[in-house]
Amino acid sequence: MGKLLSVMRSIWFLIGAFLYIFVYGSLVLLIGVILGKERGRNFVTKQIEVFGRAAFKLLGVKVFVCGKKPDVKSNYIVVTNHQSILDIPMIIGFVGPTPFLAKKELGKFPIINLYLKYLGSELIDRGNIRQTATAIREVMKKLQEGYHFVIFPEGTRSPDGTVLPFKNRSLEIAFKSKVPVLPVAMWGNHLVIPKHSLLVKSNKTAMKFCELVYPENFSSEEELRLHVENVIRNSVEELKEVIKN
Ligand code: DD9
């Protein structure tokens, strides 16, 4: 993609993101309050999902979706790799409006912090062991109440898209709660908007719904974690082929 086109798309991205998230997003939250608890929640969560998909459409990025979202009645934990700021729109748009277990820095952005709260997300302060423990207890409680959760076990965005080793104990919640894990692999978001950049550089990305993994089939968190990490690594290799041509 030419430099000029890339810069023009980036300007469009910044203006579009501001108008969509901060202007339209504030209006959506206000309408949600006016509609009342039940109808308001349905309206806002629908708008969150629409935003996730629209983000790619408005950027002119084609999303290749491989595999099928499982039709499970129970709750599950989405475990996914992390490459770009586009990962969040991809999850909320294509997996569904799901709460995140994420680092507290995400809560610093106005409006986005309200949406994170709306989804029931839990933010952790990694330097604060007590706060982290409380947040994890809260996630366990919410899982029992039927919430899904999204976890990024690499703990940070990979600079070049390579799947980083999953952090120790990152799947402890899944292992202890015995809630099924839905591995979701992503490849290409970092090529569209790389880490530490706002330049829009590519127009193709891909994701894959992998098979559900049942924690009770594993004898330790480490075994479960290594298995899920492997599933995501292999799926990322498949996705590279999908967007190659
Ligand atoms: C209607 C705008 C929705 C913006 C959603 C942002 C969600 C971030 C988790």
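Select Gly96 first, the residue that follows helix H3, and check its backbone: phi is positive there, near 130°. Keep in mind throughout that this is a predicted model. From Gly96, extend the selection back over helix H3 itself, residues 87–95, where eight of the nine residues are buried, so that the helix is largely enclosed by the rest of the structure. The buried residues of H3 are Asp87, Pro89, Met90, Ile91, Ile92, Gly93, Phe94 and Val95.

Now move to Ile111, in the loop between strand E3 (100–103) and helix H4 (112–119). Most residues other than glycine have a negative phi. Ile111 is not a glycine, yet its phi is positive, at about 70°. Is Ile111 buried or exposed? With a relative accessible area of 14%, Ile111 is buried, since the cut-off for that class is under 20%.

A second backbone of this kind can be found by selecting Lys178, which sits in the loop between helix H6 (172–177) and strand E6 (181–187). Lys178 is a residue other than glycine with a positive phi, in this case near 60°. As for its surroundings, Lys178 counts as partly exposed, at 37% relative accessibility.

Step back next to show the whole chain, in which there are eight helices and seven strands. Taken along the principal axes, the box filled by the C-alpha atoms of the protein is roughly 55 × 45 × 35 Å. For 245 residues, a compact globule would be expected to have a radius of gyration near 18 Å, and the 18 Å of this protein agrees with that. Of the 245 residues, 47% are buried. If a surface is displayed, its accessible area comes to about 12,600 Å², and 61% of that area belongs to carbon and sulfur atoms. Among the contacts in the protein with a separation of 6 or more, 75% are accounted for by residues 24 or more positions apart.

With the chain in view, select helix H1 (residues 3–35) together with helix H2 (residues 37–59), whose axes come within 9 Å and cross at roughly 170°. That crossing makes H1 roughly antiparallel to H2, because angles over 145 degrees are placed in that class. To see the contact, show side chains on the H1 side for Arg9, Trp12, Phe13, Tyr20, Ile21, Tyr24, Val28, Leu29, Ile31, Gly32 and Leu35, and on the H2 side for Lys37, Arg39, Gly40, Phe43, Val44, Gln47, Val50, Phe51, Ala54, Leu58 and Leu59. Colouring these residues of the H1 and H2 contact by class would give 16 nonpolar, three polar and three charged.

Go on to Asn203, which is found in the loop between helix H7 (189–192) and strand E7 (204–209). Asn203 is partly exposed, its relative accessible area being 39%. Add Ile193 to the selection: Asn203 and Ile193 are 10 residues apart along the chain, and their C-alpha atoms are separated by 9.9 Å.

Beyond E7, in the loop between E7 and H8, select Phe218. Which residues does Phe218 contact once its neighbours within four places in sequence are left aside? They are Phe175, Val213, Glu223, Leu224 and His227. One of these contacts, Phe175, is 43 residues from Phe218 along the chain, with the two C-alpha atoms separated by 8.2 Å. The relative accessibility of Phe218 is 16%, so that Phe218 counts as buried.

Finish in helix H8 (residues 221–244), where Lys244 lies. Lys244 is exposed, with a relative accessible area of 58%. Selecting Lys204 along with Lys244 shows a pair 40 residues apart in sequence and 9.0 Å apart in space, taken from C-alpha to C-alpha.

Technical notes: Residues numbered from 1 in each chain as written. Predicted model: local features only at pLDDT ≥ 70, side-chain atom pairs only at ≥ 80, totals over all residues. Heavy atoms only, no water. Axes fitted to C-alpha atoms, helices over the stretch in contact; angles between N-to-C directions. Helix = DSSP H or I, 4+ residues; strand = E, 2+ residues; numbered from the N terminus. Parallel < 35°, antiparallel > 145°, perpendicular 65-115°, else oblique. Contact = heavy atoms within 4.5 Å. Nonpolar A, V, L, I, M, F, W, Y, C, P; charged D, E, K, R; others polar. Rg over C-alpha atoms; globule rule 2.2 N^0.38 Å. Buried < 20%, exposed > 50% of the residue type's maximum accessible area, 1.4 Å probe, protein only. Areas by Shrake-Rupley, 256 points an atom, 1.4 Å probe, with all protein chains shown as cover.
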